[in-house]
Amino acid sequence: MRLTRNGASARPQAELGAVTGQSTRKRVSVLGATGSIGENTLDLIARNPGCAEIVALTANTNAARLAELALQHDAEMAVIGDPDQYQTLKDALAGTKIAVAAGEGAVVEAARAPTDWVMAAIVGAAGLRPAFAAAEQGLALALANKECLVSAGEAFLRAVEAGGSTLLPVDSEHSAAQQAMQGHPQDAIERILLTASGGPFREWTLEQLRQARPEQALKHPNWEMGQKITIDSATLMNKGLELIEAYYLFPVEKAQLGVVVHPQSIVHCLVEYCDGSVLAQMGAPDMRTPIAFALAWPERMCAPTERLDLARIGQLTFEAPDATRFPALRLAHEAMEAGGSAPTVLNAANEIAVAAFLNKRIGFMGIPALIARTLDRAAGEIGTAAPETLDEVLATDQQARQLAQDLLPEVMRAEAG
Ligand SMILES: NC(=O)C1=CN([C@@H]2O[C@H](COP(=O)(O)OP(=O)(O)OC[C@H]3O[C@@H](n4cnc5c(N)ncnc54)[C@H](OP(=O)(O)O)[C@@H]3O)[C@@H](O)[C@H]2O)C=CC1
Ligand SMILES: CC(=O)[C@@H](O)[C@H](O)COP(=O)(O)O
Ligand SMILES: [Mn+2]
């Protein structure tokens, strides 16, 4: 099956070697091992002894947890992004055979270590270089880092194709879409509908949203996730990023992608076919299911996700998203339509805005306000051409971050006055 827009996954399965669920042992690296996705991946591996041998585990600052995971999984190497944490990591792993390294470059090198399967689960644009490095190695690349496709779409797909890697979506909606597409002709697809929980503020008024505090936004109704994606879910930017992610992953036009709010997060995606059939993938909201799907692909492996009891759940409900209260979804949709540098700018501005909200410099509605201002100004100051290479993407990302930082005081003044 051709999975991506540019055919990046068209590599015969047999060439990948150890890629089956239970039957063959795979060499695995986890980038972002100490995060929510990283921990879930390693939990799944611990529950399926013999399914994987761990090559590299990486983190940014959490040296203590990285060392624990490396010891538990008998990893070949443990790599920390922050050089200040090197000594802590080294001391924690002294007397073991586990190799230790630190620094941004070392994380990228860890991504290049020979493996069969890499989980790319570093959050944000910080994950771009490591994900590109892994993609160039000709392996199965489980992609959780959605910012990579949003910020670097075409360039990333080219790197995957050039490296002969297979891209496996981990994001729950995209894993669901892949599952609902398998074995069906691509040209029969009419529409892909991503579901959104609606986040913790689904029923809040605009006035309430203006007062929303970080600790309230960090309470996702259904999923346990890292801070950045949890705020993205609250603004609905997460679904906007996922629209762009889906555009790059699947062979459909932009107009064939849509979003429906589904507060229970049981149906993860719906694929509509030309005969009127709609295929949905369902499951309890637990990332170990999509991770298991990517780890065992094209087979299946067992995951401990709670089984669905639909009679107990009783109702699955659906509603349209509200673009007035959640303008981030509209901004992402417009950036997808505009193409060029817009998705890179959108992603960078969102990362600055989310950090500013978490640091209480701007309010919740300041997040879309800052992104909108950055996008408006970027066209003149950065230009609209699509960045073609990884270096161009990173340069555009840096310019957009600077612009968003420069515009932050304007948003703060507007909120105060
Ligand atoms: N959580 C989820 O359920 C889902 C997540 N995703 C996506 O997966 C990605 C990871 O999300 P999540 O696991 O929630 O995030 P977390 O914040 O929980 O974890 C992020 C991981 O990345 C590491 N990291 C952070 N910054 C850097 C850096 N500059 N250099 C190297 N490593 C870094 C962190 O290390 P440290 O711990 O040391 O800071 C940590 O291991 C995101 O792109 C998210 O959108 C997609 C779908 C679902
Ligand atoms: C688990 C996962 O894939 C998240 O991206 C999830 O979709 C977040 O929930 P929202 O539907 O609230 O964005
Ligand atoms: Mn998702």
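Here are three short exercises on the ligand 1 site, each with a worked solution.

This is a predicted model, where local features need pLDDT of at least 70, side-chain atom pairs count only at pLDDT 80 or more, and totals for chains, interfaces and linings use all residues. Residues are numbered from 1 along each chain as its sequence is written, while chains are lettered from A and ligands numbered from 1 in the order in which they are written.

**Exercise 1.** Work out which domains give residues to the shell around ligand 1.

*Solution.* Start with the shell: 28 residues surround ligand 1, each with its C-beta atom, placed from the backbone, within 6 Å of the molecule. Among the closest are Gly-35 and Gly-226. Next, the domains, whose bounds come from an automatic or database assignment: domain 1 (13-170) and domain 2 (186-283 + 309-313) both contribute, so ligand 1 sits between them.

**Exercise 2.** Decide whether Thr-34 is buried or exposed.

*Solution.* Locate Thr-34 in the loop between strand S1 (26-31) and H1; helices (H or I, at least four residues) and strands (E, at least two) are DSSP runs, numbered from the N terminus. Then count: Thr-34 has 22 C-beta neighbours inside 10 Å, so it's buried. The cut-offs are 20 or more other C-beta atoms within 10 Å for buried, 12 or fewer for exposed, and partly exposed in between, with C-beta atoms placed from the backbone.

**Exercise 3.** Do the same count for Ser-36.

*Solution.* Ser-36 is in helix H1. With 19 C-beta neighbours inside 10 Å, Ser-36 comes out as partly exposed.
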